[in-house]
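I opened a notebook for this structure. These entries record what I looked up, in the order I went.

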Amino acid sequence: MIRRQRLAAGVGALLAALAAGLAFPAGAVADETTASAPKVDLVIDVSGSMRTRDIDGQSRMSAAKQAFNEVLDATPEEVQLGIRTLGATYPGDDRQTGCKDTAQLYKVGPLDRTEAKTAVATLNPTGWTPIGPALLKAAGDLDGGTGSKRIVLISDGEDTCAPLDPCEVARDIAAKGIGLTIDTLGLVPNVKMRRQLSCIAEATGGTYTSVEHTGELADKVNQLVDRAADPVVTPVATDGASSCAKAPTLNSGLYTDREEFGQQRWYRVDVKPGQELRASVSVAADRSMHPDYGVLLRAVTVHGREIVRGEAAGNGRTDVASTGLRYPKADSDDENAPAETVCLAVTNSFSAAPGVKATPGMPLELTVDVVDGPSQADDVASFGLGRGWWLLGLLVLIGFLAGVVWGWLSRWRVAVWRTN
């Protein structure tokens with residue numbers, strides 16, 4: 001009897017241990033999945049102007065509610081979604097109070113569609129348009145986790161809470177290097193509003209869209225929410241130095257930094273014999289600039305000798321200037337040959353009118369890729385048509401043969417003419 005009791009107790013303890021052992025890994029997996037889940041915060045303008053009835057015969061607020069309901073139905077399960085309002089509660093004239101009027105309507109997290117729809121149904125156009133404060137709060141809503149982060153701002157007017165400029169707020173958010181993107185949608189074809197919303201989006205690599213119909217609004221928000229669920233490579237924030245000696249050493253990857261007007265930023269990359277360095281850089285003009293500008297990327301030895309360069313110029317027709325370079329390092333018979341430290345220098349010639357803020361600097365995105373080099377790494381550019389030698393030789397040969405054939409035909413025709 002005692003043995004049976006002991007046996008039963010032992011089996012019970014074993015089952016409990018197995019259950020506990022299985023439970024903990026599952027919890028760990030759940031925590032890891034939650035941490036890497038994509039997050040989206042929908043920020044909706046609920047200011048008084050949203051009462052205007054100019055979208056498909058209904059008010060802007062009604063159109064936004066209808067679009068939100070469609071979006072909530074279509075949101076992927078893996079996306080953690082939240083809703084924040086601006087101008088939803090204070091109807092008075094006190095500017096200081098009105099510019100604090102932003103609240104989290106639905107907390108960012110796993111989506112309960114019924115609860116979220118119920119919250120949206122309670123919205124009524126009320127007060128001010130504090131876009132800047134709302135963006136700051138929304139960035140806090142998305143804090144934490146390693147997944148993609150996206151704010152979708154829907155508004156029908158300009159911010160009414162200057163001097164807290166929404167563009168400056170967006171640039172400050174981007175400068176933190178947290179990988180947060182802000183997309184903006186304007187409900188009114190207004191030039192000033194378009195400029196402001198475009199500026200907010202461009203500062204973080206987002207998009208601006210003007211929508212005038214309910215269906216367009218729902219479709220666009222759905223696209224942005226779905227985009228958040230797509231796998232993305234989040235750039236790693238880094239700080240370039242003022243000289244190569246002080247520069248950070250980078251491995252293959254995607255990096256983000258900030259560069260002020262006319263500034264030079266330095267980075268270091270180790271390249272082993274038989275490897276090839278491929279680097280590219282993009283600098284975004286996220287504020288008003290003079291039309292002529294350029295970006296220069298140079299690969300330099302630690303002793304200051306330039307190896308290769310890439311450069312690009314612009315005239316204001318694009319908001320981003322990009323260039324790149326390749327540097328193959330010849331292979332070595334010595335298996336213990338050390339890697340060469342290559343210094344990458346990024347310089348820009350952007351300039352702006354007086355009064356345009358220089359800080360934070362313009363967004364800079366640097367891609368570094370160190371791969372196995374080609375078999376003839378010492379002269380990779382001449383292989384194939386890299387320097388045009390093969391093409392030039394082929395054209396000379398074709399021209400020579402064509403000349404011989406043409407001369408022979410001409411002489412033959414003259415001979416026939418004389419005979420006749």
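**Entry 1: an open sheet.** I began with strand β9, which is joined by 2 bridges to strand β10 (residues 253-259), and the two run parallel. I looked up one facing pair here: Val 236 is opposite Tyr 255 of β10. I note that the model is a predicted one.

I then asked which strands make up the sheet and in what order. The order is β9-β10-β17-β12-β15, an open sheet of 5 strands with mixed pairing. The edges are β9 (236-237) and β15 (320-328). Each has a single partner strand, so one side of each has no neighbour in the sheet.

**Entry 2: strand β12.** Next I checked β12 (residues 275-284). Of its 10 residues, 7 are buried, and the strand is mostly covered. I followed its pairings on both sides. With strand β17 (residues 362-372) it runs antiparallel, joined by 9 bridges. With β15 the pairing is antiparallel too, over 9 bridges. I picked Leu 277 to trace across. Its bridge partner in β17 is Val 370, and its bridge partner in β15 is Tyr 327.

I also found a side-chain contact between these strands. Arg 326 and Glu 276 form a salt bridge, with their closest N and O atoms 3.0 Å apart. Arg 326 belongs to β15 and Glu 276 to β12, so this pair ties together parts 50 residues apart in sequence. Is each partner buried or partly exposed? Arg 326 counts as partly exposed, at 47% relative accessibility. Glu 276 is buried, at 0% relative accessible area.

**Entry 3: strand β1 and its partners.** I moved to β1 (residues 39-45). It is mostly covered, with 7 of its 7 residues buried. I sorted its side chains by direction. Lys 39, Asp 41, Val 43 and Asp 45 point one way, while Val 40, Leu 42 and Ile 44 point the other way. I kept the general rule beside this: in a regular strand, side chains alternate between the two faces of the sheet.

I listed the pairings of β1. Strand β6 (residues 149-155) runs parallel to β1, with 6 bridges between them. Ile 44 has Ile 154 as its bridge partner in β6. Strand β4 (residues 80-86) also runs parallel to β1, with 7 bridges. Two of the partners I traced in β4 are Ile 83, for Leu 42, and Gly 82, for Asp 41.

**Entry 4: strand β4.** I stayed with β4. Here 7 of 7 residues are buried, and the strand is mostly covered. Gln 80, Gly 82, Arg 84 and Leu 86 point one way, and Leu 81, Ile 83 and Thr 85 point the other way. I then found β5 (residues 102-109), which is joined to β4 by 5 bridges and runs antiparallel to it. Leu 86 has Thr 102 as its bridge partner in β5.

**Entry 5: more salt bridges.** How many salt bridges are there? The count comes to 16. I looked up a few. Asp 183 and Arg 150 meet in one, at 2.4 Å from N to O. Asp 183 lies in strand β7 (residues 180-186) and Arg 150 in β6, so the pair ties together parts 33 residues apart in sequence. Asp 183 is buried at 0% relative accessible area. Arg 150 is buried too, at 11%.

Glu 306 and Arg 298 form another, with their closest N and O atoms 3.3 Å apart. Glu 306 is partly exposed at 31%, whereas Arg 298 counts as buried at 18%. I also noted a network of salt bridges that links Glu 168, Arg 171, Arg 258, Asp 286 and Arg 287.

**Entry 6: two helices and the surface.** I checked helix α5 (residues 131-141). Of its 11 residues 8 are buried, so the rest of the structure largely encloses it. Among the buried ones are Ile 131, Leu 135 and Asp 141.

Then I turned to the surface. Val 405, Trp 406, Trp 408, Leu 409 and Trp 412 form a nonpolar patch, with about 620 Å² of accessible area together. Trp 406 sits in helix α9 (residues 389-419). Trp 406 is exposed, at 61% relative accessible area.

I closed with a negative surface patch, formed by Asp 56, Glu 70, Glu 212, Glu 216 and Asp 219. Glu 70 is in helix α2 (residues 60-74) and counts as partly exposed, at 37%.

Methods
Residues are numbered from 1 along each chain as its sequence is written. This is a predicted model: local features need pLDDT of at least 70, side-chain atom pairs count only at pLDDT 80 or more; totals for chains, interfaces and linings use all residues. Side-chain values use heavy atoms; hydrogens and water are left out. Patches are made of residues with over 30% relative accessible area and no salt bridge: like charges are joined within 9 Å, nonpolar side chains (Val, Leu, Ile, Met, Phe, Trp, Tyr) within 5 Å. Accessible areas come from the Shrake-Rupley method with a 1.4 Å probe; for residues, only the protein chains shown count as cover. A salt bridge is a side-chain nitrogen of Lys or Arg within 4 Å of a carboxyl oxygen of Asp or Glu. Lys and Arg count as positive and Asp and Glu as negative; His and the chain ends are not counted. The place of a charge is taken as NZ of Lys, CZ of Arg, CG of Asp or CD of Glu. Helices (H or I, at least four residues) and strands (E, at least two) are DSSP runs, numbered from the N terminus. Buried means under 20% relative accessible area, exposed over 50%, partly exposed in between (1.4 Å probe, protein chains only). Two strands pair if DSSP finds at least two bridges between them.
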